[in-house]
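The exercises below ask you to read a protein model step by step. Try each task by yourself before you turn to the solution under it.

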Amino acid sequence: MSSLSIVKQTKNQTKKNTLTYKIVLVGDAGTGKSTFVKRLSGLNFVTSYHATLGVDVHCVTFKSIDNNYINFCIWDTAGQEKFGGIREGYYRNTDGVIILCDNNKMTQKNVAKWKTHIKQFCPSVPIMTIKNKIDVASKSNNKQNEIMTFDFEMSTKNMTDYDDILEELYGLVKK
Ligand SMILES: Nc1nc2c(ncn2[C@@H]2O[C@H](COP(=O)(O)OP(=O)(O)O)[C@@H](O)[C@H]2O)c(=O)[nH]1
Ligand SMILES: [Mg+2]
């Protein structure tokens, strides 16, 4: 059973028991990073593709079983997906990093490169790996062909319930 549920941001919700965490979202271009944060923020799935410029920060609040409000401010690092494009400043004071890939093998191979890249800036930050687009049939959906395992697999197209991912993320980043 999931212990977290998304709550609407209200004035009351800026209470003293709100815990805020900065989460940086990285991964190859086109893997679904912007779609993921938009879906978390309650927007519908969109099929058009807009490479975002700069960085978008989406804050999403959840209520935990211990009655804390957990505010994840997720940095969607868009337009800098080539290695070396993301600067040190993005990672400053980051509590956790999500690396996204999809069913394209190259994006999966690049997960290891992303890890190396992240560790240059924040060596001990918790990292979660997620494979997106599992709704799309491909050879790599065959488990025997997988080149690595991921903490989660999801489809931002079909999925409406992100509680397990958010709960796991909270477990990773809480101090
Ligand atoms: N089939 C499918 N398409 C997806 C999924 N998530 C994202 N997309 C599509 O992939 C494209 C790139 O998504 P976007 O979020 O912009 O990727 P970003 O470059 O990593 O931010 C868009 O056309 C999305 O509609 C998914 O789970 N399934
Ligand atoms: Mg994007």
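**Exercise 1.** Find where isoleucine 134 lies, and decide whether it counts as buried, partly exposed or exposed.

*Solution.* Begin with the place: isoleucine 134 sits in the loop between E6 and strand E7 (152-153), where helices (H or I, at least four residues) and strands (E, at least two) are DSSP runs numbered from the N terminus. This is a predicted model, in which local features need pLDDT of at least 70 and side-chain atom pairs count only at pLDDT 80 or more, while totals for chains, interfaces and linings use all residues. Residues are numbered from 1 along each chain as its sequence is written, and chains are lettered from A and ligands numbered from 1 in the order in which they are written.

Next, recall the cut-offs: a residue is buried if 20 or more other C-beta atoms, placed from the backbone, lie within 10 Å of its own, exposed if 12 or fewer do, and partly exposed in between. Isoleucine 134 counts as partly exposed because it has 19 C-beta neighbours inside 10 Å. Finally, look along the chain to threonine 156, which is 22 residues away from isoleucine 134 in sequence, with 8.8 Å between the two C-alpha atoms.

**Exercise 2.** Lysine 133 and asparagine 93 each have a phi angle that deserves attention; state the phi of each, and say whether each is buried or exposed.

*Solution.* Start from the general rule that most residues other than glycine have a negative phi. Lysine 133, which is also in the loop between E6 and E7, has a positive phi near 70 degrees, and it counts as buried because 24 C-beta neighbours lie inside 10 Å. Asparagine 93, in the loop between helix H2 (88-91) and E5, has a positive phi near 55 degrees, but it counts as exposed because it has 7 C-beta neighbours inside 10 Å.

**Exercise 3.** Check whether the length of helix H3 agrees with its number of residues, and then describe its bend and its buried residues.

*Solution.* The expected span of a helix is 1.5 Å times one less than its number of residues. Helix H3 (residues 105-121) has 17 residues and so should span 24 Å, and its end C-alpha atoms, which are 26 Å apart, agree with this. There is nevertheless a kink of about 30 degrees centred on valine 111, where the bend at a residue is the angle between axes fitted to the seven residues ending there and the seven starting there. Valine 111 is also one of the buried residues of H3, together with Thr107, Gln108, Asn110 and Trp114. Strand E2 (18-27), strand E5 (96-101) and strand E6 (127-131) are among the elements that cover these buried residues.

**Exercise 4.** Which residues of H4 are buried, and how are they arranged around the helix axis?

*Solution.* The buried residues are Ile165, Leu166, Leu169 and Val173. Seen down the axis of H4, they fall within an arc of 95 degrees (the arc of the directions from the helix axis to the C-beta atoms), and therefore they line one face of the helix. As a general background, an α-helix has 3.6 residues a turn, so residues three or four places apart point the same way. The cover over the buried residues of H4 includes E2, E3, E5, E6 and E7.

Notes:
Two residues are in contact if their C-beta atoms, placed from the backbone, lie within 7 Å.
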